[in-house]
Amino acid sequence: MDMLNIALPKGRLGEKVYRRFKAAGYPCPAIEEENRKLIFENPAAGVRYFWVKPSDVAIYVERGAADVGVAGKDILLEYGPQVYELADLGLGHCRMCVAAPRDFRDRPDRVLRVATKFPRIAAGYYASLSRDIDIIRLNGSIEIAPILGLSDVIVDIVETGKTLLENGLEPRETIVPISARLIANRVGYTFKHLSIDRLCRRLEEQA
């Protein structure tokens, strides 16, 4: 059996993903122990897992350090990594939205100021609307940008919308639904496609 190198996103989503892998027949007891290790393997199951920052999963897969990994659709859309997207795991559901202060009214005659961590997604969305925008790239605390007058609206991931409401914002448009996707390295898939296809089938059976 080929050993599969699997990149998992750190955090709650990664823990859910691992439980799905385990239920599909790819357990690794060491990963469930209390420790600070980042790499775990179970030769009997043919898997080697490692934890990485969620936004880095696609890089590890694209560059071949991992054969497969689990990344949010937002990461795939924003960075466009050269990987195969094999399956929607149905985990980590949320949506990419435009949000604005409750009293905001867009004026098409003015350039719209958009604060976001996802400039590529924002630019593509507004280009489809033929809307002139000024993108303000931020790395965190996006919600305060309109409150402080830095931007008119934000483009960000929304799960429950609670954070938006608590900061006087509301979702206006949904750009795209987001969920966790199983991705594979293109070269690795060529050589390990039997193992990867088996993994994919078993994961889908657990959905």
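This passage describes the fold, nonpolar cores, charged contacts and backbone outliers of a predicted model.

The chain is built from seven helices and eleven strands. Its C-alpha trace spans about 60 × 35 × 30 Å along the principal axes. Of the 207 residues, 45% are buried. When contacts between residues at least 6 apart in sequence are considered, 67% of them join residues at least 24 apart. The exposed surface of the chain amounts to about 11100 Å², with carbon and sulfur atoms supplying 49% of this area. The chain carries 30 positive and 28 negative charges, and the mean positions of the two sets are 2 Å apart.

In soluble globular proteins, nonpolar side chains tend to be buried together. The largest nonpolar core of the model holds 27 residues, and the members that touch the most others are Ile6, Leu8, Phe21, Tyr49 and Leu182. At least two core residues come from each of β1 (4-9), α1 (12-23), β3 (47-52), β4 (68-72), β11 (180-185) and α7 (186-205). Helix α7 gives the most, with four residues. With residues up to four places away in sequence left out, the contacts of Leu182 include Phe21, Val68, Gly69 and Val70. Leu182 also touches Tyr84, Glu85, Leu86, Ala87 and Leu89, as well as Cys200 and Leu203. Apart from the largest core lies another of 16 residues, among them Phe104, Leu112, Val114 and Val176.

Ten salt bridges are found in the whole structure. One of them pairs the side chains of Arg181 and Glu85, with an N to O distance of 2.7 Å. This pair links distant parts of the chain, as Arg181 lies in strand β11 and Glu85 in strand β5 (residues 83-88), 96 residues apart. Arg181 counts as buried because its relative accessibility is 12%, under the 20% limit. Glu85, at 37% relative accessibility, counts as partly exposed. Arg181 also forms a salt bridge with Asp88 (3.8 Å, N to O). Here too distant parts of the chain are linked, with Arg181 in β11 and Asp88 in β5, 93 residues apart. Asp88 is partly exposed, its relative accessible area being 42%. A further salt bridge joins the side chains of Arg107 and Asp109 at 3.2 Å, N to O. Arg107 is partly exposed, with a relative accessible area of 43%, whereas Asp109 is exposed at 60%. Through shared partners, salt bridges join Lys73, Glu85, Asp88 and Arg181 into one network.

Arg20, located in helix α1, is buried but has no salt bridge. The nearest side chain of opposite charge is that of Asp88, 7.8 Å away, which is outside the 4 Å limit for a salt bridge. Leaving aside residues up to four places away in sequence, Arg20 touches Leu89, Leu91, Leu203, Gln206 and Ala207.

Most residues other than glycine have a negative phi. Ser130 has a positive phi, near 55°, and is placed in the loop between α4 (119-128) and β8 (133-137). Ser130 counts as exposed because its relative accessibility is 68%, over the 50% limit. Ser141 likewise has a positive phi, of about 50°, although it is not a glycine. Ser141 is found in the loop between β8 and α5 (144-147), and at 51% relative accessibility it counts as exposed.

Conventions:
Residues are numbered from 1 along each chain as its sequence is written. This is a predicted model: local features need pLDDT of at least 70, side-chain atom pairs count only at pLDDT 80 or more; totals for chains, interfaces and linings use all residues. Side-chain values use heavy atoms; hydrogens and water are left out. Buried means under 20% relative accessible area, exposed over 50%, partly exposed in between (1.4 Å probe, protein chains only). Contact means heavy atoms within 4.5 Å. Accessible areas come from the Shrake-Rupley method with a 1.4 Å probe; for residues, only the protein chains shown count as cover. Lys and Arg count as positive and Asp and Glu as negative; His and the chain ends are not counted. The place of a charge is taken as NZ of Lys, CZ of Arg, CG of Asp or CD of Glu. A nonpolar core is a set of buried Ala, Val, Leu, Ile, Met, Phe, Trp, Tyr and Cys residues joined through side-chain atoms within 4.5 Å.
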